[in-house]
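Colleague: I am new to this structure and would like a close look at a single part of it, namely the contacts between side chains. Please take the aromatic rings to begin with, and then go on to the charged pairs.

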Amino acid sequence: MNTELIVFIIYLSFMVGIGLFFFLRSRGGGEKEYFLGGRKMGPWVSALSAGASDMSAWVLMGLPTAIYAAGLGQVWISVGLAVGYALSWIFEAPRLRAFSIVSDDAITIPQYLTRRFRSKSYALQVTCAVIFLVAYTIYAASSIKAAGSMFQTVIPSLDPSFAMYLAAGIIIAYTFLGGFSAVCWTDFFQGLLMLGALLIAPIFAMNMLKVDAKTITEETPAFFNVFTSWQDIVSGLGWGLGYFGMPHIIIRFLSVRSQKAVRRSAVIGISWTTLILVFAALVGIFGRQMIGLDAEIVKNERVFITMVRTIFPSVVSGILLSAILAASMSTADSQLLSAASAFSSDVYKPIVRGNKASDREMLWTGRMVVLIIAVIALVIASNPDAGNIMSLVSNAWGVFGAAFGPVILLSLFWKRLNFAGAMAGIITGAVTDILWLILLSKPTGVYEIVPGFICGAVAAVLVALCTKAPSAEVEELFEKGANYQEID
């Protein structure tokens, strides 16, 4: 325990040190520097940051445990995520970066959507910001809960509430200080740590089992049944739809320094994510064979933790368990920053201050919003009835994917989309997702993102076709974005 604790302290000190470094380095920088890193991110940092901000603690705790408990019928989540992530980097990333630049250098997703249609109305920005604040608070709660659980695992005598306060305090510290650059660089190192942990643990577990795949399959045939139901397949693949509208992930597309770097980032990011998802599934498979089904492990989502502590000495287990902290923190920091940028840039600056806020004022407004959202997320995470890590993530993931995914894709590839269609798509997608979750998710067994995404896309198209076509200026902007070229 003491050895693991020392490893944790060294790791966390390093993360906070990165935040302090970028705070000192970027003093005097403006809103664009704090929220987008000045569009200067290289391919490796952009790719691993996007991946790490996506793969929160659920990929080390929730997903392996789901497969450990229910079998390979849950692996469709991994398949859906791998396919969705690859498609978002290949088709969405280069166009979104180009369109954000020609849309008056937009630095947030709500800002991009408003400027893409040359609208003077703040309705879309405010709608987006409200969805951001609600969904990100829930999403951040899952990450804080996971980080707190990890602290309590290493220090069993620690009060659960205090463990979450400690985790939230560290995440706030480097996000508050260093902004987007600190978040990206901490995510870069955390992404490497996550990959290393997921590569090492199942390989050693497989070696300890000393049985081949055929023997394992014959012993537990039901566990290895992939085709459990059409609902599992549709819902699992539906997770991939979330990538097209996940603000804290696609904001990385905007930050890459060049179109050439986007292509390099795509190769790195897709490779990293595929490896992460494959080995997360292997943790669940080998964990079941190695440990056997344990109700407590399922309840607390700790198959990876149990496996690591069973196999490795405390120094190594401390490093590998730090990967769970890395996963939690790398997502929570991105969520806090995205929510803060949405409120500061899309509500406070244009509506509250009438575009008269100084760069310094915007920086401190963003920092205060980070603090407020973190406190609310902490309250949610502390509630024992809030749900487990996987359920909190799936709820927030569904809202984002259904609300923003169809509209962003249509804005990049369909010239006829107008402001009214975008508004209709966002609202319909979000409302459908929430109503399906409350009323139909359990009876149908279908993940709410699927009907939400479909209804959002249909609403956007129908309303756009039934209302006035985009102006010549908007159509010209679309052509500029579609044909954007730059010197790398």
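Modeller: Rings of Phe, Tyr and Trp, the last taken by its six-membered ring, count as a pair if their centres lie within 6.5 Å, and planes under 30 degrees apart are called stacked, those over 60 edge-to-face and the rest tilted. With that rule, a search of the whole structure, which is a predicted model, finds 11 aromatic pairs. One of them joins W76 and F227, whose ring centres are 5.9 Å apart and whose planes stand at 50°, so this pair is tilted. The two residues come from distant parts of the chain, since W76 belongs to helix α5 while F227 sits in the loop between α9 (213-219) and α10 (230-238), 151 residues apart. Their surroundings can be described as well: W76 is buried, with a relative accessible area of 15%, whereas F227 is exposed, with a value of 60%.

Another pair is formed by Y243 and W397, where the ring centres are 5.1 Å apart and the planes lie at 90°, so that the arrangement is edge-to-face. Here Y243 is placed in the loop between α10 and α11 and W397 in helix α17, so the pair ties together parts of the chain that are 154 residues apart in sequence. Both Y243 and W397 are buried, and ring pairs link these two residues with Y85, W239 and Y447 into a cluster.

Turning to the charged side chains, the count comes to four salt bridges, each of which requires a side-chain nitrogen of Lys or Arg within 4 Å of a carboxyl oxygen of Asp or Glu. In one of them the side chains of D104 and R118 meet, with 2.6 Å from N to O. This pair links D104, in the loop between α5 (76-102) and α6 (109-116), with R118, in the loop between α6 and α7 (123-154), the two being 14 residues apart. D104 is partly exposed, at a relative accessible area of 47%, and R118 counts as partly exposed at 30%.

A further salt bridge brings together the side chains of E479 and K415, at 2.8 Å from N to O. Because E479 lies in helix α20 (residues 472-482) and K415 in the loop between α17 (389-413) and α18, the pair ties together parts that are 64 residues apart in sequence. E479 counts as partly exposed at 33% relative accessibility, and K415 counts as partly exposed at 32%.

Helix α20 also holds a salt bridge within itself, for K480 and E476 both lie in it, four residues apart, which is about one turn of the helix. The closest N and O atoms of K480 and E476 are 4.0 Å apart. K480 is partly exposed, with a relative accessible area of 48%, and E476 is partly exposed too, with 46%. Salt bridges that share partners, moreover, join D104, R118 and E473 into one network.

To set beside these charged pairs, there is a nonpolar patch on the surface, formed by I427, V431, I434, L435, L437, I438, L439 and L440, which together have about 690 Å² of accessible area. Of these residues, V431 lies in helix α18 (residues 419-444) and counts as partly exposed at 42% relative accessibility.

Methods. Residues are numbered from 1 along each chain as its sequence is written. This is a predicted model: local features need pLDDT of at least 70, side-chain atom pairs count only at pLDDT 80 or more; totals for chains, interfaces and linings use all residues. Side-chain values use heavy atoms; hydrogens and water are left out. Patches are made of residues with over 30% relative accessible area and no salt bridge: like charges are joined within 9 Å, nonpolar side chains (Val, Leu, Ile, Met, Phe, Trp, Tyr) within 5 Å. Accessible areas come from the Shrake-Rupley method with a 1.4 Å probe; for residues, only the protein chains shown count as cover. Buried means under 20% relative accessible area, exposed over 50%, partly exposed in between (1.4 Å probe, protein chains only).
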